[in-house]
Amino acid sequence: MKRRRTKEQNTASRPDGFVPFSVNHSLPNPAYGLGAERRRINPEPQQILQAPPEPEKRKRRWGKIFKRTFLTVVLLAIIGGGWVTWKFVSNEVKVFGWDGLWSLIHPGPLNNQNGRVNILLAGDSVGRTDGGGGQQLTDSIMIVSIDTQNHTAFFLSVPRDMYVDIPGFASSKINAAAEDGASAYGSHPEYDANGMGLLSQVVSQKMGITVDYYALVDYAAFENAVDAVGGISVNIQSSDSRGLYDPSVTSPTDSRPLVDLTNGVHKLNGQEALGLARARGDSAGSYGYGQSDFTRTQNQREMLIAIEDKAVTAGVLSNPIKLGNLFDSFGSNIETDMTLGNARELYNVFKKIPSASIASESLNSANGHDLLTGKVIKGQDVLVPAAGTGDFSAIQAFVAQLSGQ
């Protein structure tokens with residue numbers, strides 16, 4: 001029988017002290033040192049890992065966030081929509097009356113001649129101070145003619161100094177026609193309180209064009225509309241290398257000249273645009289107004305086109321704040337014989353017309369010819385047809401050509 005050798009005997013039997021592996025031998029635990037005290041190999045504290053939320057809990061949490069966000073957006077939309085609706089209704093009543101809301105539901109057909117609608121725009125010189133009675137000269141007169149079939153339009157300025165005979169009154173500059181008509185309100189059934197009926201009659205007779213609707217616009221509407229669309233850009237192309245300058249039109253806040261513009265593109269706010277619309281360059285020190293009032297009316301036409309283009313392209317019509325401000329700019333500053341339904345139909349047509357398809361026309365550059373000439377009558381500097389005083393045949397032929405007749 002073999003005798004089992006002890007550990008000491010095994011160790012002693014090898015000079016290097018090697019101890020053979022034995023199934024009964026316990027391996028040292030690396031978590032412990034040689035001493036009696038227990039020491040961790042990694043002394044850093046263990047991080048307590050949380051289990052990820054269950055999928056159902058995540059869904060419920062994101063569902064609450066989405067619901068809150070959705071309700072907030074809906075609430076803002078209701079508030080914004082209600083605000084715009086209130087702005088729209090309150091200003092609609094000022095311009096069109098309560099019947100305008102009914103006309104929005106049942107607009108009726110537009111007045112037009114062979115698919116063309118002609119609107120007479122007139123602007124007060126200093127604004128109406130008598131609550132809208134129209135007792136002011138109309139220093140800005142313009143025909144806006146819209147081709148509803150071919151989606152084109154033209155703006156034609158009527159010079160304020162054009163000498164005409166006014167039915168029932170003495171011959172005078174055409175800018176006095178509305179004032180005369182307003183003074184005769186009540187004594188003639190065809191006249192109206194703002195005088196635009198008589199002005200429409202004179203323009204129709206002298207220009208050879210049917211006036212379907214009119215709009216009398218206070219200059220405040222123009223200024224506010226420019227601000228409502230965030231300003232407009234104009235391209236000054238004066239024959240003077242210095243540009244345009246007129247010291248007579250100044251800012252009411254700091255008295256600086258509003259028209260001090262170099263040639264090139266400028267962005268104007270409402271006050272600056274109104275200054276450009278009113279400046280004629282006929283005061284001492286002015287320059288760049290080689291055609292005097294014709295330069296002014298050209299600037300007016302271009303700025304109206306710029307407002308229309310900015311309102312469509314800059315998201316004004318989809319922005320509740322800007323849209324409300326635009327409604328405010330018109331509410332107390334426009335008188336018209338259009339119904340709200342008419343205005344909506346015209347807007348639907350006009351928004352399809354790109355600015356490149358809107359022609360800016362003037363009687364002093366009709367196909368390269370000046371159809372008017374200066375003359376002194378009764379001590380006043382006026383404009384009469386180049387064909388002769390009272391002979392509007394050439395002017396009527398030009399307007400017929402623009403209208404495609």
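So, Arg 242: this residue lies over the face of Tyr 287, at 3.8 Å from the ring centre. By "over" I mean that NZ of a Lys or CZ of an Arg is within 6 Å of the ring centre and within 35 degrees of the ring normal. Before I go on, this is a predicted model, where local features need pLDDT of at least 70 and side-chain atom pairs count only at pLDDT 80 or more, while totals for chains, interfaces and linings use all residues. Residues are numbered from 1 along each chain as its sequence is written, and side-chain values use heavy atoms, with hydrogens and water left out.

Okay, back to that ring. How many aromatic pairs does the structure hold? Just one. Tyr 245 and Tyr 287 are stacked, 5.5 Å centre to centre with 25° between the planes. The rule is that rings of Phe, Tyr and Trp (its six-membered ring) pair if their centres lie within 6.5 Å; planes under 30 degrees apart are stacked, over 60 edge-to-face, and the rest tilted. Here the pair links distant parts of the chain: Tyr 245 sits in strand β8 (residues 244–250), and Tyr 287 in the loop between α7 (270–278) and α8 (293–313), 42 residues apart. A quick word on those labels: helices (H or I, at least four residues) and strands (E, at least two) are DSSP runs, numbered from the N terminus. Both tyrosines, Tyr 245 and Tyr 287, are buried. Buried means under 20% relative accessible area, exposed is over 50%, and partly exposed is in between, with a 1.4 Å probe and protein chains only.

Next up, salt bridges. There are eleven in the structure, each one a side-chain nitrogen of Lys or Arg within 4 Å of a carboxyl oxygen of Asp or Glu.

Let's look at Asp 139, which meets Arg 160 at 3.0 Å, N to O. Asp 139 is in strand β2 and Arg 160 is in the loop between β3 (152–157) and β4 (163–164), so this pair ties together parts that are 21 residues apart in sequence. Asp 139 and Arg 160 are both buried.

Then there's Asp 293 with Arg 280, at 3.4 Å, N to O. Asp 293 belongs to helix α8, and Arg 280 to the loop between α7 and α8, 13 residues apart. Again, Asp 293 and Arg 280 are buried. These two salt bridges are part of something bigger to look for on screen: Asp 139, Arg 160, Asp 161, Lys 173, Arg 280, Asp 293 and Arg 296 are linked in a network.

One more salt bridge: Asp 147 and Arg 116, at 3.6 Å, N to O. Asp 147 is in β2 (residues 138–147) and Arg 116 is in β1 (residues 116–124), 31 residues apart. Both Asp 147 and Arg 116 are buried. Which residue in β2 is the bridge partner of Arg 116? Asp 147, so to speak of the strands themselves: β1 and β2 pair in the antiparallel sense over nine bridges. The cut-off for pairing is that DSSP finds at least two bridges between two strands. β1 also runs parallel to β6, joined by five bridges, and Leu 120 has Tyr 214 as its bridge partner in β6. Eight of the nine residues of β1 are buried.

Now for the nonpolar cores. A core is a set of buried Ala, Val, Leu, Ile, Met, Phe, Trp, Tyr and Cys residues joined through side-chain atoms within 4.5 Å. The largest one here has 35 residues, and those with the most contacts inside it are Leu 156, Met 162, Ile 174, Leu 199, Met 207 and Leu 363. Elements giving two or more residues to this core include β1, β2, α5 (196–207) and β6 (213–217). Which element gives the largest share? That's α5, with six residues.

Take Leu 199 and leave aside its neighbours within four places in sequence: its contacts (heavy atoms within 4.5 Å) include Leu 120, Ala 122, Ile 141 and Ile 174. A second, separate core has 23 residues, among them Phe 222, Val 249, Tyr 289 and Ala 311.

Last topic: backbone angles. Most residues other than glycine have a negative phi. Ser 255 has a positive one, near 65°, and is found in the loop between β8 and β9 (257–261). Lys 378 has a positive phi too, near 55°, in the loop between β13 (372–377) and β14 (380–385). Are these residues buried or exposed? Ser 255 counts as exposed because its relative accessibility is 56%, and Lys 378 counts as exposed at 64%.
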